[in-house]
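Please open the model in your viewer and keep the sequence panel beside it. The stops below can be selected one after another.

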Amino acid sequence: MNITQSTWQNEAALSGVMLLEYTSDADGRKDWALANPARRGKTWVFCPHGHGSNGDQLFLRADVREQWLMYWESLGLGVLTPNIRNNAWMCPEAVADLHELI
């Protein structure tokens with residue numbers, strides 16, 4: 001998997017959030033994830049989105065952002081929120097991508 005990294009450009013974006021774009025080795029499909037790097041240590045939280053949402057849900061929904069993201073950030077934890085093909089229902093290709101991304 002070849003991952004390109006850039007700063008996420010969004011009105012609600014927190015400082016330092018990275019957009020990770022990649023092409024699946026499993027089937028060539030393009031997808032993305034957001035990563036808020038750990039501020040202390042090396043511990044990360046993996047946060048998949050819910051049905052009907054995308055990988056940016058944790059950053060864009062104020063209720064979720066204020067409840068969880070801010071808490072994890074206060075602990076210095078990194079956060080990874082993959083898009084996982086929107087609503088792929090974890091097809092085998094999406095599982096392979098997720099495994100490789102983590």
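The tour goes from the cysteines to a surface patch and then to a helix.

This is a predicted model, in which local features need pLDDT of at least 70 and side-chain atom pairs count only at pLDDT 80 or more, while totals for chains, interfaces and linings use all residues. Residues are numbered from 1 along each chain as its sequence is written, and side-chain values use heavy atoms, with hydrogens and water left out.

Select Cys47 and Cys91 to begin. With a disulfide taken as a pair of cysteine sulfur atoms within 2.5 Å, the count comes to 0. Cys47 is in no disulfide, and the nearest cysteine sulfur, that of Cys91, is 20 Å away. Cys91 itself is partly exposed, with a relative accessible area of 21%, where buried means under 20%, exposed over 50% and partly exposed in between (1.4 Å probe, protein chains only).

Next, select Trp68, Tyr71 and Leu75, which make a nonpolar surface patch of about 320 Å²; patches are made of residues with over 30% relative accessible area and no salt bridge (a side-chain nitrogen of Lys or Arg within 4 Å of a carboxyl oxygen of Asp or Glu), with nonpolar side chains (Val, Leu, Ile, Met, Phe, Trp, Tyr) joined within 5 Å and like charges within 9 Å. Areas come from the Shrake-Rupley method with a 1.4 Å probe, and for residues only the protein chains shown count as cover. Leu75 lies in the loop between helix H2 (62-74) and strand E5 (78-82), helices (H or I, at least four residues) and strands (E, at least two) being DSSP runs numbered from the N terminus. Leu75 is partly exposed, at 39% relative accessible area.

Finally, move to Gln57 in helix H1 (residues 57-60). Gln57 is buried, with a relative accessible area of 18%, and, leaving aside its neighbours within four places in sequence, Gln57 is in contact (heavy atoms within 4.5 Å) with His49 and Gly50.
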